[in-house]
Every structure is written in structure tokens, then in C-alpha cells.
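Biologist: Please take me closely through the aromatic side chains of this model and what surrounds them, and then carry the same reading over to the charged pairs and the strands that bear them. I would like one connected account rather than a list.

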Amino acid sequence: MSPSRRSLLVGTTLAGAVGVTLAAGMARAANRKILRLSYRTIEVDGKPARRYRVSQPSGEWGLTLQQGDMFDVRLENNLDVLSGLHWHGLNPPWRQDGVPYLSTPPIAPGKFADYSFPAQPTGTRWMHSHFGLQEQNLAAAPLIIRETDAIKSGVQEVVVMFEDFSWRQPEEIFVELRKPKPAMAMGGGMAMTGGSTTMARGGTMASGGVAPKPDLNDVTYDAYLANDRTLADPEMFTVEAGADVRLRLINGAASSNFVVEFGGIEVTLLTVDGNPVMPVKLTALPLAIAQRADVMLRMPDDKRAVPIVARGEGRTLQTGVILRPAGAAVTKIPTNGATAAAEVGLALEKALRASEPLASRSVDRSVPVDLTGNMGAYIWGITIHGVEALPVTVEKGERIELVMRNTTMMSHPMHLHGHSFQVVEIDGQRIAGAMRDTLLVPPLATVKVAFDADNPGMWAFHCHNLYHMEAGMFATMVYRGFS
């Protein structure tokens with residue numbers, strides 16, 4: 001073949017390849033969603049508050065995709081500070097997980113980052129900043145991957161995200177938490193670190209036969225929000241009397257567990273953390289920090305409005321939204337309930353069963369994880385195999401079991417990035433529990449979760465109480481030999 005002929009064929013082939021690449025790139029760009037980190041002003045108790053927002057150019061809060069979609073997103077930082085977003089509950093390639101300095105650099109002001117991976121698993125997920133304490137200032141939003149079955153059902157869906165709000169800046173809150181507390185002033189429950197026992201806020205010292213009491217909260221909030229609003233001006237969703245409504249509930253709070261009630265109506269629990277469970281009937285739903293739940297609610301035939309109210313664990317402060325048939329009267333709901341919400345524990349968790357559990361196989365590696373803390377100094381930690389700051393190390397293809405033992409008198413909602421796990425044991429009781437990405441570990445409890453190591457990388461593993469994480473309850477899980 002002559003050089004000119006060969007050159008023509010090579011040139012034609014390269015031109016075709018470039019054309020295909022450009023076409024694919026243009027197609028991706030055409031389907032790409034834009035999310036913007038920006039400032040906005042909300043009203044809380046009649047006063048303006050400048051906080052963060054995550055929205056699309058249309059103003060839509062957060063993002064909704066469908067099962068089978070690609071997660072093609074450009075995230076623009078319109079703030080004047082470094083920031084970014086973590087896609088909580090999705091299992092992306094590790095470099096697209098959105099944890100600054102671990103999986104990716106933070107996004108500078110005026111810059112953007114592109115993400116592209118399959119939008120999976122399906123279900124109710126969410127997104128939030130993993131940079132500093134920005135999550136407390138509402139740098140978070142819903143992220144829904146609608147299931148094909150949910151789409152085909154035609155059932156109306158209502159998304160509600162609960163958050164906690166303070167007029168103080170989170171840095172001020174954190175500084176206050178870390179101020180030394182005299183033992184008598186703390187009055188506290190018990191926290192253990194390195195085998196020693198120290199005082200903690202909220203209970204009684206475990207001596208002289210006095211049982212320690214759990215510490216439910218260490219931040220006093222000014223308000224709770226549901227979709228950015230308080231019960232002084234709640235969001236109202238128009239629904240049909242007698243119709244089913246699928247509620248996608250998200251606890252996006254920085255430091256608050258909730259108990260959600262449904263106006264006395266019995267609902268059916270469909271999913272937790274976006275993952276389907278065998279249906280459970282309930283009238284009150286415990287929802288720990290960062291957890292999500294989908295419930296099916298049937299509206300009454302009598303055309304009355306139904307309040308969906310979330311009350312803070314151990315507190316009377318509450319927030320919520322209203323489901324309202326056209327023309328229905330709405331009764332004002334106070335921002336404080338008549339009684340404090342119950343402690344969020346694992347009673348419901350013990351009853352949950354995954355409808356799509358892990359395949360049966362033996363565990364290849366069991367990893368002891370101790371959750372430690374010293375409330376006096378407000379220092380929290382995670383020890384792996386008895387060593388502080390040691391990563392969980394795994395091999396691709398292994399079945400891993402994490403044995404999480406809480407040695408403190410506060411609960412810890414533990415989140416593993418990039419993976420879904422199954423709850424397999426609670427305080428010695430073996431169960432075929434729910435698939436989750438965030439599990440509450442109550443004071444002095446031991447829980448075991450299992451997952452398949454199928455997503456190589458370096459992943460965050462931490463308590464989702466923002467101030468516990470900032471004070472040291474953060475570790476990593478690392479695959480050997482990943483690149």
C-alpha cells in the first residue's frame with residue numbers, strides 16, 4: 001500500500017474516532033445537570049438568616065433522577081469559600097465521592113467540578129458539603145433516584161428534609177463544645193476512652209450503684225426546619241383525599257435525631273436509606289442523623305389535612321409539613337409539642353428485614369471498631385483493631401464484617417461511604433436486617449454490619465454527628481492495591 005493511501009486511511013480512521021468522541025462528549029454535555037452552591041436568605045421565626053443553598057439553575061432544590069440514569073453533574077461553586085458536595089448513599093468511583101482532600105480537592109470559589117457515573121443505588125439519597133462545618137449552615141439538599149416501580153405506580157411523592165438550625169455560627173458552637181467542663185458542672189453520663197472512664201454531660205456518674213444515663217443532645221438549637229421552614233409557616237402539599245402518598249423523609253440535621261409522627265395515621269415503611277425492606281406498619285418513625293425512610297400514607301377519606309411532624313429526640317421542639325386536600329382547614333401546630341420525643345434506639349431496627357439482602361456467604365474478615373469519646377474535653381475517636389487512626393483495610397471481593405462497639409454515653413450514626421451494608425447483629429442477636437449506609441449505634445451497644453468489598457478506593461467512615469466527626473470520630477477504609 002502506498003504511503004499516501006495508508007495516510008488517507010489512518011487519517012479517516014482518526015477523524016472518525018475523534019468525531020465519535022466529540023459526539024459522545026456533546027451528548028453528555030447536553031444531558032448534564034447543573035448544581036450550584038450559592039447563598040440564599042431564609043426566614044426563621046420572622047427573622048432573615050443567610051445560609052447556603054444547593055439548587056439547579058431553575059431554582060429547584062437538589063436533584064431528582066430516574067433509575068438507569070447517569071449521574072452527569074457539573075457542580076458550580078458560587079460561594080466565596082472553598083466547598084464541594086458528597087453524594088450520600090450513592091456508590092460512585094471513589095475519586096468522585098466529594099470528600100475534600102480524601103477523594104478530591106475542594107472546589108474553589110468561582111470554579112466547578114464535573115461528575116459522571118451510574119446513578120445507583122436507586123432510592124432516597126441526599127447530598128451535603130463535607131467541607132468543615134458547612135453542613136450546619138444548610139449546605140445540603142435531597143438527591144432522589146426514583147425507582148422504576150415507583151414511577152410506574154403513579155403515586156404522588158412528597159420529599160421532606162429535616163434540619164436543625166442555630167442563629168450561632170457552627171464554628172462558635174464547636175468552640176463552646178470544646179471548652180473544658182468541670183466535672184460537677186457536667187453532671188454527665190459516662191464516656192470511656194483508652195479504658196478510662198470520664199464524666200459526660202446529661203447523666204450521672206456510674207459510681208456507687210448509680211446507672212449512667214445517655215446524653216441525647218449536646219447542642220441546643222433555636223429551630224428545626226422541614227424543607228427550610230418552621231411550623232410558623234410550614235410547607236403545604238396539595239394531595240387528594242383517600243389517595244396514597246409516598247413520603248421520602250430525609251434527616252439532614254447536623255446533630256439531631258428525630259421521631260416523625262403522621263397525625264395518628266398508620267403508615268407502611270417501604271425503604272430505609274433508600275433500600276427496600278419487608279413492609280412494616282407504624283405510627284411513629286425514629287430517624288437518626290443522615291438516615292432516610294420512605295413510607296406510604298393513605299390520606300383520610302374525610303378530606304382533613306394531615307401533619308407530618310418531626311420532634312427532636314428528648315425534646316419538645318418540632319417541625320413539619322402539612323398534607324392538605326384542596327379546601328381542607330389547617331390547624332396551627334405549635335413549634336413545641338406537649339411532650340418530649342422518645343430516645344431514638346434500635347427497637348425498630350431489630351424488626352427490619354431486607355427484601356433484597358446480601359447473598360449468603362461466609363465472612364472473610366471481621367474488623368473490631370471501637371467508638372470512643374471524652375465528653376469533658378469533647379474529643380471523639382474511632383479505634384480499629386485497638387489502634388487510633390488506623391484504617392480499615394480490605395481486599396476487593398471480600399465479605400467484610402464491621403463490629404462496632406460504642407464505649408460512650410452518646411449515640412453515633414455511623415456512615416460508610418461508597419457501600420451499602422446489611423445489619424446482621426444487634427447486641428448479640430443475629431438478624432437478617434436492613435440494608436443501609438448509616439446505622440445508629442446507641443450508648444454502650446454493639447452492632448455488626450456486613451458488606452461486600454466491591455468498590456475499590458479510599459473511603460470515609462465516620463460518625464455523622466457533625467461535631468463528633470469534627471472532633472475526631474472519622475476514619476477511612478482502604479482497599480489494598482487500589483489505584
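Modeller: A residue is called buried when its relative accessible area is under 20%, exposed when that area is over 50%, and partly exposed in between. Trp-167, with a relative accessibility of 30%, therefore counts as partly exposed. Please keep in mind throughout that this is a predicted model, and that each value below was computed from it.

To begin with the rings, 13 aromatic pairs are counted in the structure. In one of them, the ring centres of Trp-87 and Tyr-115 are 5.1 Å apart and the planes stand at 80 degrees to each other, so this pair is edge-to-face. Because Trp-87 belongs to strand 5 (residues 86-88) and Tyr-115 to strand 6, the pair ties together parts of the chain that are 28 residues apart in sequence. Both partners are buried, Trp-87 with a relative accessibility of 0% and Tyr-115 with 5%. A second edge-to-face pair is made by Phe-165 and Trp-167, with 4.9 Å from centre to centre and 90 degrees between the planes. Here the two partners fall into separate classes, since Phe-165 is buried at 1% relative accessibility, whereas Trp-167 is partly exposed at 30%. Trp-87 and Tyr-115 also belong to a cluster in which ring pairs link them with Phe-71 and Phe-117.

Some rings have a charged side chain over the face. Lys-47 is placed in this way over Trp-167, at 4.4 Å from the ring centre, so that Trp-167 has an edge-to-face partner in Phe-165 as well as a charge over its face. Arg-74 lies over the face of Phe-112, at 3.8 Å from the ring centre.

Phe-112 repays a longer look. Phe-112 is found in strand 6 (residues 112-118), the strand that also holds Tyr-115, and Phe-112 is partly exposed, with a relative accessibility of 46%. Once its neighbours within four places in sequence are set aside, Phe-112 is in contact with Arg-74, Leu-75, Glu-76 and Ile-107. Arg-74 thus appears both as a contact of Phe-112 and as the charge over its ring. Phe-112 and Gly-84, with their positions 28 residues apart in sequence, are 9.1 Å apart in space from C-alpha to C-alpha.

Turning from rings to charged pairs, the structure holds 30 salt bridges. In the one between Arg-229 and Asp-233, the N to O distance is 3.2 Å, and both residues are partly exposed, Arg-229 at 30% relative accessible area and Asp-233 at 46%. Another salt bridge joins Glu-261 and Arg-311, whose closest N and O atoms are 3.9 Å apart. That pair links distant parts of the chain, 50 residues apart, with Glu-261 in strand 15 (residues 258-261) and Arg-311 in strand 20 (residues 306-312). Glu-261 is partly exposed at 33%, while Arg-311 is buried at 13%.

The salt bridge between Asp-370 and Arg-405 has an N to O distance of 3.0 Å. Its partners are 35 residues apart, Asp-370 in strand 22 (residues 365-374) and Arg-405 in strand 26 (residues 399-406), and Arg-405 is partly exposed at 40%. The two strands are also paired directly, running parallel and joined by 7 bridges, and one of the partnerships sets Val-367 against Leu-402 in strand 26. Strand 22 has a further partner in strand 23 (residues 379-384), which runs antiparallel to it through 6 bridges, with Val-369 matched to Ile-384. Strands 22 and 23 form a hairpin with 4 residues between them, and in its turn Tyr-378 has a positive phi of about 50 degrees. Elsewhere, salt bridges link Arg-125, Asp-273, Arg-292, Glu-349, Arg-436 and Asp-437 into a network.

Technical notes
Residues numbered from 1 in each chain as written. Predicted model: local features only at pLDDT ≥ 70, side-chain atom pairs only at ≥ 80, totals over all residues. Heavy atoms only, no water. Salt bridge = Lys/Arg side-chain N within 4 Å of Asp/Glu carboxyl O. Buried < 20%, exposed > 50% of the residue type's maximum accessible area, 1.4 Å probe, protein only. Pairing = 2+ DSSP bridges. Contact = heavy atoms within 4.5 Å. Phe/Tyr/Trp six-rings, centres within 6.5 Å; stacked < 30°, edge-to-face > 60°. Lys NZ or Arg CZ within 6 Å of the ring centre and 35° of its normal.
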